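User: I am new to this structure and would like a close look at a single part of it, namely how its helices pack against one another and what surrounds that packing. Please take me through it in one connected answer.

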Amino acid sequence: MKTNELTEGETLQGKDNLLSAYKMGKRVELNLTHRVVMAAMTRCRALDGIPNEAIVDYYSQRATQGGLLITEGTFISPTAHGYPHCPGIYLEEQVEAWKKVTDAVHAKGAYIFCQLWHVGRASHSAYQPGGAAPISSTNKPISSRWKVLLPEGSLSDYSSPRALAASEIPNIIDDYRQAAINSIRAGFDGVEIHGAYGYLIDQFLKNMVNDRTDEYGGSLENRCRFLMQILDALIEAIGIDRIGLKISPTLYHQDAHDSDPLALGLAVVERLNKLQEDQQGLKLSHLQIQAGTLTHGIGEEEAKLLRELRRAYKGTFMISGGFNKELGMKAVAEDDADLIAYARLFLSNPDLVRRFVMDAPLNVYDAATFYTHDPVVGYTDYPFLDETSKP
């Protein structure tokens with residue numbers, strides 16, 4: 001059977017193989033040759049927020065025929081910032097610079113999505129226009145347990161945020177909409193909405209952060225409203241099948257957690273299913289669930305929750321969180337996921353897919369170079385198995 005004859009969700013070699021093909025979408029088809037997705041990773045290499053040649057090299061190195069890459073979190077507006085030297089997608093100069101990245105990835109036969117990012121209260125006034133307070137669902141700051149990396153490289157407490165007035169929220173939604181349009185103009189195959197990790201959307205979703213008493217707070221219906229309004233705006237702008245979503249209902253990061261993560265996850269899934277029912281057979285590109293921690297895999301209780309979400313969601317299901325090849329194979333074999341997203345292993349192994357195919361040893365990542373601004377060290381200098389295959 002040829003790849004372009006697959007129906008949505010089918011594979012060439014069965015559903016029990018991390019390295020078998022998978023078809024995403026109907027109107028916008030992504031014919032994946034394997035299930036190994038490159039996850040979004042903040043790397044702070046975009047000096048002044050503009051993608052550069054180092055970023056072109058980085059994504060091109062990790063592109064494979066029929067593979068899917070998701071970019072680092074990409075700021076949707078000036079108020080979205082919270083890290084140094086991360087790229088944006090709201091200026092024309094940024095759109096033009098991203099075109100070089102998407103062209104290089106597509107030349108390798110791969111697909112690439114832009115992750116749309118607003119950090120909300122996970123910021124500092126040093127990053128905000130005019131030194132203003134970061135915006136959020138709440139006035140509550142992130143506790144001093146967590147630190148923000150300032151532009152000059154020092155660590156500081158997060159600034160106290162300002163809760164958005166309900167009347168301001170449509171402006172933020174429009175920033176997401178325009179960022180999605182800009183992403184398609186830049187040549188991306190789609191976008192992934194970053195609704196995880198304690199950033200702006202997560203600050204609305206989780207009840208231990210969201211203390212609002214208006215139509216955006218309190219009940220699950222209200223806490224999901226901001227996300228669903230963003231999705232509605234993006235669907236109208238670029239079409240549902242170009243849109244993915246990442247959430248992390250179980251994750252505790254930057255003081256963002258929920259008293260009932262399963263109920264929250266199911267509430268989001270229920271609304272996504274209903275949204276898809278109204279789209280005449282079209283679906284979101286994918287739903288990605290981030291679980292586990294940055295250094296450990298997914299625990300038993302989280303695994304149970306993920307299986308419930310997997311059974312409930314009617315679409316392509318991606319998971320991420322401390323996977324190696326063996327765990328990824330197991331998750332696909334047991335039908336816990338359609339796709340597995342890898343982060344740190346993909347950073348230190350630009351040819352990760354080839355190494356998985358060959359059962360080859362993996363490079364060890366160097367955490368000390370994760371957030372440096374060097375265009376090479378800890379970024380594009382990780383060795384390939386065969387240096388002659390390096391682009």
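Analyst: What follows begins with the packing of the helices, moves on to the nonpolar cores, and ends with a few residues in loops.

The model is a predicted one, and the helix to begin with is H6, which covers residues 225-238. Helix H6 packs against helix H7, residues 261-277, at an angle of about 25°, and the axes of the two helices lie 11 Å apart. Because angles under 35 degrees count as roughly parallel, H6 is described as roughly parallel to H7. The crossing in which H6 passes H7 is right-handed. On the side of H6 the contact is made by Leu 227, Met 228, Leu 231, Asp 232 and Ile 235, while H7 brings Val 268, Arg 271, Leu 272 and Leu 275. Sorted by class, the residues of this contact between H6 and H7 comprise seven nonpolar and two charged ones, with no polar residue.

Helix H7 also has a contact with helix H8, which is made of residues 300-312, and here the packing angle is about 15° with the axes 10 Å apart. H7 and H8 are therefore roughly parallel to each other as well, and H7 passes H8 in a right-handed crossing. From H7, the residues that take part are Pro 261, Leu 262, Gly 265, Leu 266, Val 269 and Asn 273, and they meet Leu 305, Glu 308, Leu 309 and Ala 312 of H8. In this contact of H7 with H8 there are seven nonpolar residues, two polar ones and one charged one.

The wider setting of H6 is the largest nonpolar core, which has 105 residues, and those with the most contacts inside it are Tyr 59, Leu 116, Tyr 176, Phe 226 and Tyr 342. Helix H6 gives the most to this core, contributing nine residues. Apart from these, a second and separate core of 15 residues includes Met 24, Leu 32, Val 37 and Ala 39. Returning to Tyr 59 of the largest core, and leaving aside neighbours within four places in sequence, one finds that its contacts are Met 38, Leu 69, Ile 70, Thr 71, Glu 72, Trp 98, Val 101, Val 105 and Ile 112.

Some loop residues complete the picture. Asp 255 is found in the loop between strand E11, residues 243-247, and H7. Most residues other than glycine have a negative phi. Asp 255, although not a glycine, has a positive phi of about 65°. With a relative accessibility of 14%, Asp 255 counts as buried, because that value is under 20%.

A positive phi is also found at Cys 44, a residue other than glycine, where the value is near 60°. Cys 44 is placed in the loop between E3 and H1, and at 0% relative accessibility Cys 44 counts as buried. The loop between strand E3 (36-38) and helix H1 (53-61) is also the place of Asn 52. Asn 52 is partly exposed, with a relative accessible area of 24%. Not counting residues up to four places away in sequence, Asn 52 touches Arg 45, Ala 46 and Leu 47. The C-alpha atom of Asn 52 is separated by 6.8 Å from that of Ala 97, although the two residues are 45 residues apart along the chain.

Conventions. Residues numbered from 1 in each chain as written. Predicted model: local features only at pLDDT ≥ 70, side-chain atom pairs only at ≥ 80, totals over all residues. Heavy atoms only, no water. Core = buried A, V, L, I, M, F, W, Y, C linked by side-chain atoms within 4.5 Å. Buried < 20%, exposed > 50% of the residue type's maximum accessible area, 1.4 Å probe, protein only. Helix = DSSP H or I, 4+ residues; strand = E, 2+ residues; numbered from the N terminus. Contact = heavy atoms within 4.5 Å. Axes fitted to C-alpha atoms, helices over the stretch in contact; angles between N-to-C directions. Parallel < 35°, antiparallel > 145°, perpendicular 65-115°, else oblique. Left-handed = near helix turned anticlockwise from the far one by under 90°. Nonpolar A, V, L, I, M, F, W, Y, C, P; charged D, E, K, R; others polar.
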